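User: I should like to learn how to read the features of a protein–DNA model. Please take me through them one at a time.

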There are 2 protein chains.
Amino acid sequence: MSLQERKERERAGRERLIVATAREIAEGQGWDAVTTRRLAERIEYSQPVLYSHFRGKREIIGAVALEGATEMAAAVRGAASGANGPRERVAALARAYLDFAERNPAVYDAMFQLDGGLTFAREDTPEPLKDAFAALLESLGEVAGDGVHPGLFTETFWAALHGLATLTRAGRLPPEHTEIRVELLVDRLAIA
Amino acid sequence: MSLQERKERERAGRERLIVATAREIAEGQGWDAVTTRRLAERIEYSQPVLYSHFRGKREIIGAVALEGATEMAAAVRGAASGANGPRERVAALARAYLDFAERNPAVYDAMFQLDGGLTFAREDTPEPLKDAFAALLESLGEVAGDGVHPGLFTETFWAALHGLATLTRAGRLPPEHTEIRVELLVDRLAIA
DNA sequence: CTTGGTTGTCTAGCGGTGCTAGGATCCAAT
DNA sequence: ATTGGATCCTAGCACCGCTAGACAACCAAG
């Protein structure tokens, strides 16, 4: 069945191409510029081909989000592993998180701002999303403090980071003192 | 010049009607349902009339955002004034903030998620936005702690609240333990 | 009382969007 | 060589934000 295998390989390759191209356009010109026409043209196929891979634009956003979640998990783990002691680990994690959001704004939006048709915080949540949260939990759980549920603490800390990331990028917060805000957050929230 | 005054009054009234109707549709069916056609139909005028009041849809969103900012400032001040002691004031403020976001999701989106063409954190920032931030600062500045700039502390605390509000409403955080998360935030961040 | 210009509003339409029905093309199996 | 199925494209739908140009209602000047 080599023929069928080859076709499936090609199909999978084209799907990756769609996702990568969508991401590329979004990072370059924003998600508004990711139209099905433009996307189709860039991959050199007609629009309906997109719909043989994804139900619609929302699912393409979702695919980019999953890709981003995997990368973010790796970035967070990488930063945490290079730091000594719980407090420094958390600080490194926070910086890595915000750095990821700043360097990949479109991907970050796909994950947390836009509707990618994904379910969060449930059993049927896709693995990459669970793993990204797990990556946060691994370092943050250590500094939750006595009597505080690690998962709940992670959620709260994450929310704070998310707020900083989104408000800063949307121009709601001046970007100058990000580092001070992060230190404030780490110093007060984390119990070393 | 009574005639001209009457015309201006009518014009102002229609402008309020546009903003109120936009808000109504948005709260009921989301901002995506606020189309210029639907909005025009609801106010019983044709589309171009909208453009004689606002440059475009973005400015209508901005107008809803300003209205919301005024209300949020009042809600926050009201909650804070009914509490004794800095710590309790901050807790009440946090609850009021999240409550406002939950009860007025479309308005909250207009303020902080969508592009309403507004400038934040600058000299030319519209008064209602500055005042909403000031309302937060009044209570939060008290608990910044020694050596921490009150404005910066307020921004950070606000970001944390914003993160909780948005992640919860977007289904990224389970809504069950909001109260515990708020208490965690207040207990750790606020220095009474 | 009639004109002429201003002001206000509407109809109609432009170029774009996400998405899909139906037809053309190609290739393996008969 | 013919058939049947998979694959892909052309063409189009209903909707979007926005605007040009026609048209009616009004007030001021003659």
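**Domains and DNA surface**

Analyst: In this predicted model, domain 1 of chain A and domain 2 of chain A bury about 1,100 Å² between them, with 65% of that area on carbon and sulfur atoms.

User: Which residues of domain 1 of chain A lose the most area to domain 2 of chain A?

Analyst: The size of an interface is often given as the accessible area lost when the parts come together. Here A:Arg23, A:Glu27 and A:Trp31 lose the most, together 59% of what the domain 1 side buries. The domain assignment places domain 1 at 1-53 and domain 2 at 56-189 of chain A. Ten residues from domain 1 of chain A and 15 residues from domain 2 of chain A take part in the contact.

User: Which residues come nearest to DNA strand D?

Analyst: They are A:Ser46, B:Thr35, B:Thr36, B:Gln47 and B:Lys57, out of 17 residues around the strand. By class, this surface has seven nonpolar, five polar and five charged residues.

User: What does B:Gln47 reach on DNA strand D?

Analyst: A polar side-chain atom of B:Gln47 lies 2.7 Å from a base nitrogen of the strand. By contrast, an N or O atom in the side chain of B:Thr35 is 3.2 Å from a phosphate oxygen, and a polar backbone atom of B:Val34 is 3.4 Å from a phosphate oxygen.

User: How many residues of helix H6 of chain B are buried?

Analyst: Seven of the eight residues in 105-112 are buried, including B:Tyr108, B:Asp109 and B:Phe112.

Definitions and conventions. Residues numbered from 1 in each chain as written. Chains lettered and ligands numbered in written order. Predicted model: local features only at pLDDT ≥ 70, side-chain atom pairs only at ≥ 80, totals over all residues. Heavy atoms only, no water. Near = heavy atom within 4 Å. Polar contact = N/O pair within 3.5 Å; in protein donor to acceptor, adjacent residues only side chain to side chain. Nonpolar A, V, L, I, M, F, W, Y, C, P; charged D, E, K, R; others polar. Buried < 20%, exposed > 50% of the residue type's maximum accessible area, 1.4 Å probe, protein only. Helix = DSSP H or I, 4+ residues; strand = E, 2+ residues; numbered from the N terminus. Domains from an automatic or database assignment. Contact = heavy atoms within 4.5 Å. Buried area = accessible area lost by both parts, 1.4 Å probe.
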